[in-house]
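Let's take a look at how helices pack against each other, and at how two domains meet. Have the chain open in your viewer and follow along.

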Amino acid sequence: MGIIGADELRGANLGDQMVAVLGYGSQGRAQALNLADSGVQVVVGLRPGSANAARVQRDGLRLAALDEAVEQADLVALLIPDEAQPEAYEQVVAPRLRQGGALVFAHGFNIHYRHIHPRADLDALLVAPSGIGEQLRARYEAGNGIAGFVAVDQDATGQARARALAFAKALGHDRVAVIETTFAEETETDLFAEQAVLVGGLSELIEAGFETLVEAGYQPEIAYFSCLEEVKLMADMIHERGLADMKRRISTTAAFGALLSGPRVIDRSSRAAMRELLADIAAGRFAQALSAEMAAGGPRLEAEAARARAHPLEAVRRRLRGSRPRE
Ligand SMILES: NC(=O)c1ccc[n+]([C@@H]2O[C@H](COP(=O)([O-])OP(=O)(O)OC[C@H]3O[C@@H](n4cnc5c(N)ncnc54)[C@H](OP(=O)(O)O)[C@@H]3O)[C@@H](O)[C@H]2O)c1
């Protein structure tokens with residue numbers, strides 16, 4: 001576990017092993033292009049009628065149907081949405097991938113919760129970029145990269161870890177950090193962070209802050225700027241300098257206000273709620289709830305999307321969008 005040293009990564013190489021990248025969305029495009037630019041043989045597999053086929057060809061990569069791509073490959077990177085992976089694995093990959101091949105995941109969910117059971121002769125690897133596909137590609141093109149997490153769930157060939165390191169290096173993760181983890185740790189921390197902090201926590205915090213100000217009679221436009229737009233400035237500063245230096249650089253008023261009030265908002269009960277949701281994730285209860293939601297056609301997700309679109313924040317956003325130049 002921990003950061004993998006440069007010495008170990010120096011010799012990592014996929015050699016003449018062929019990688020089939022299934023899917024050409026956020027991660028699929030970025031990974032296929034980075035792999036190809038690193039000298040790896042790549043074929044992109046897409047379903048019939050894919051709107052992304054033209055893009056693959058414009059990008060100068062080899063394109064094939066899903067089944068044909070798998071038949072040519074030594075490693076198959078499953079870069080289609082997590083909920084589509086179990087069926088694609090059963091229908092397309094498992095019957096065709098050669099003996100001793102490898103499955104490469106960008107997120108541990110389907111292996112950790114056993115929605116996919118890899119054939120016994122296959123390696124199952126995780127190479128999870130610590131950012132969105134667009135960043136993975138842009139940083140690689142700029143000569144640097146983003147960190148990546150690697151893990152092995154099944155080592156059928158004795159080569160699983162070497163393959164994971166070589167894959168991570170070809171994506172450019174060695175330029176920043178390749179960190180060894182497990183499928184369980186990557187999955188549970190990723191789900192926790194998006195639920196408690198990045199998506200669930202942050203959007204509730206923004207809405208609650210905005211609503212508190214508007215209910216108290218302040219103008220929605222001022223509330224919108226204060227509670228939503230300025231999030232980007234803070235996030236950029238935190239990303240660049242860390243929390244401690246951010247607190248040193250903001251005004252004394254802001255720093256003292258945060259000291260008094262931050263723990264009143266995220267208090268003991270919020271921390272207890274975080275521990276509870278982490279327990280739900282670790283015990284698989286969140287995964288069960290997600291499966292039930294998707295089996296029902298996603299009604300709660302659809303209702304939430306409609307609610308968010310109808311929120312007064314969106315009306316302010318549309319008004320302001322109309323009255324200022326596009327960035
Ligand atoms: N989004 C990120 O930046 C990010 C970050 C870290 C990890 N990950 C992980 O990376 C993996 C891929 O996520 P993503 O966000 O890159 O996916 P995505 O952009 O939603 O994937 C879109 C691609 O998947 C194809 N696809 C969708 N459903 C399919 C199906 N049923 N059968 C075959 N192909 C199908 C689409 O086909 P068409 O071309 O036909 O539309 C398209 O090419 C996931 O495991 C995710 O957790 C993603």
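Start with the handedness of one pair: H10 passes H11 in a right-handed crossing. A crossing is left-handed if the near helix is turned anticlockwise from the far one by less than a right angle, and right-handed if clockwise. The helix labels are DSSP runs numbered from the N terminus (H or I, at least four residues for a helix).

A quick word on what you're looking at: this is a predicted model, where local features need pLDDT of at least 70, side-chain atom pairs count only at pLDDT 80 or more, and totals for chains, interfaces and linings use all residues. Residues are numbered from 1 along each chain as its sequence is written, and side-chain values use heavy atoms, with hydrogens and water left out.

Here are the three helix pairs. Axes are lines fitted to C-alpha atoms over the stretch in contact, and angles run from 0 to 180 degrees between N-to-C directions.

| Pair | Axis distance | Angle |
|---|---|---|
| H10 (residues 200-215) and H16 (residues 312-322) | 10 Å apart | about 85° |
| H10 and H11 (residues 220-249) | within 9 Å | roughly 160° |
| H2 (residues 26-37) and H7 (residues 133-141) | within 7 Å | roughly 25° |

That last angle makes H2 roughly parallel to H7 (angles under 35 degrees count as this). H2 passes H7 in a left-handed crossing. On the H2 side, the contact (heavy atoms within 4.5 Å) includes Ala30 and Leu33, while H7 brings, among others, Leu136 and Tyr140. It's a mixed bag: four nonpolar, five polar and three charged residues. For these classes, Ala, Val, Leu, Ile, Met, Phe, Trp, Tyr, Cys and Pro count as nonpolar, Asp, Glu, Lys and Arg as charged, and the others, Gly among them, as polar.

Back to H10. Which residues of H10 and H16 make their contact? They are Ile206, Glu207 and Phe210 of H10 and Pro312, Leu313 and Val316 of H16. By class, that's five nonpolar, no polar and one charged.

Now zoom out. The domain assignment, automatic or from a database, gives domain 1 (2-180) and domain 2 (191-322). Their centres, taken over C-alpha atoms, are 32 Å apart. Six residues from domain 1 and nine residues from domain 2 make the contact. About 500 Å² is buried between them, with carbon and sulfur atoms giving 71%. Buried area is the accessible area (1.4 Å probe) that two parts lose on being put together, summed over both.

Conventions: Helix = DSSP H or I, 4+ residues; strand = E, 2+ residues; numbered from the N terminus. Parallel < 35°, antiparallel > 145°, perpendicular 65-115°, else oblique.
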